[in-house]
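Trainee: Can we walk through this one together? I'd like to ask about a few spots and hear how you reason.

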Amino acid sequence: MTESFHPPQHLYYDGKVQMASGSIFRSIDPSTSRPLADIHAASSPDVDKAVTSAQKAFFSWSRTPPVARARILLKAVQLLRERNDEIARIETQDTGKPFSETSTVDVVTGADVLEFFANLVAGGGLTGETVQLREDAWVYSKKEPLGVCAGIGAWNYPIQMYAAAAIMSTSLG
């Protein structure tokens with residue numbers, strides 16, 4: 001596996017890279033003990049800015065038609081699949097997992113989850129339900145976006161955790 005020191009990693013919100021004001025930690029390849037990248041951590045004010053950005057984006061994203069959201073998610077699927085080996089190499093360096101696993105499970109599973117929810121949303125599979133309780137009484141559920149949420153993922157499954165935790169809420173709006 002080729003060793004490389006990656007550029008410093010910053011925050012990303014508001015559609016662009018943002019400088020972080022928190023501490024810096026160095027990511028180390030556990031198989032070689034060599035540095036991979038300097039990661040700029042978010043401070044509390046940085047997190048507040050990112051949440052504010054997400055709240056602003058929520059208004060338009062939650063009103064984006066499901067088919068349009070699905071197209072964006074499917075573009076992400078395409079990029080993951082096209083760059084599978086490149087992403088898997090970085091994942092291997094970062095987590096220490098074997099390339100045989102990151103290239104055939106981690107990235108692939110992330111793309112599969114994205115594709116599943118893109119198709120579910122586009123096909124109307126995440127709509128509410130109506131249930132008849134008795135002849136003169138009905139209840140219904142309505143699935144709708146509620147707002148911004150945050151998640152913390154595991155260091156050893158970053159792509160899978162993102163796909164499992166964030167894609168459903170993102171696809172729903």
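Trainee: Leaving aside neighbours within four places in sequence, which residues is Pro66 in contact with?

Mentor: Keep in mind that this is a predicted model, where local features need pLDDT of at least 70, side-chain atom pairs count only at pLDDT 80 or more, and totals for chains, interfaces and linings use all residues. Residues are numbered from 1 along each chain as its sequence is written, and side-chain values use heavy atoms, with hydrogens and water left out. Contact means heavy atoms within 4.5 Å. On that basis, the partners of Pro66 are Val121 and Ala122.

Trainee: How far apart in space are Pro66 and Val121, C-alpha to C-alpha?

Mentor: Pro66 lies in helix α2, residues 66-82; helices here are DSSP runs (H or I, at least four residues), numbered from the N terminus. In sequence, Pro66 and Val121 are 55 residues apart. In space, their C-alpha atoms are separated by 5.7 Å.

Trainee: Which residues of α2 are buried?

Mentor: Buried means under 20% relative accessible area, exposed over 50%, and partly exposed in between (1.4 Å probe, protein chains only). Pro66, at 37%, is therefore partly exposed, and on the other side of α2 Arg71 and Glu82 are exposed. The buried ones are Arg69, Ala70, Leu73, Val77 and Leu80.

Trainee: Within what arc do those buried residues fall, seen down the axis of α2?

Mentor: An α-helix has 3.6 residues a turn, so residues three or four places apart point the same way. For α2, the arc is taken from the directions from the helix axis to the C-beta atoms. The buried residues of α2 line one face of the helix, because they fall within an arc of 100 degrees.

Trainee: And which helices do the buried residues of α2 pack against?

Mentor: The chain has 5 helices, so let's use the contact list for α2. Its buried residues pack against α1 (44-61), α3 (84-95), α4 and α5 (158-172).

Trainee: Over in α4, which side chain does the side chain of Thr102 make a polar contact with?

Mentor: Thr102 sits in α4, residues 99-122, and counts as buried because its relative accessibility is 0%. A polar contact is a pair of N or O atoms within 3.5 Å; within protein, one must be able to donate a hydrogen and the other to accept it, and residues adjacent in sequence count only if both atoms are side-chain atoms. The Thr102 side chain also reaches the backbone oxygen of Ala88 at 3.1 Å. The side-chain partner, at 2.7 Å, is Thr92.

Technical notes
Helices (H or I, at least four residues) and strands (E, at least two) are DSSP runs, numbered from the N terminus.
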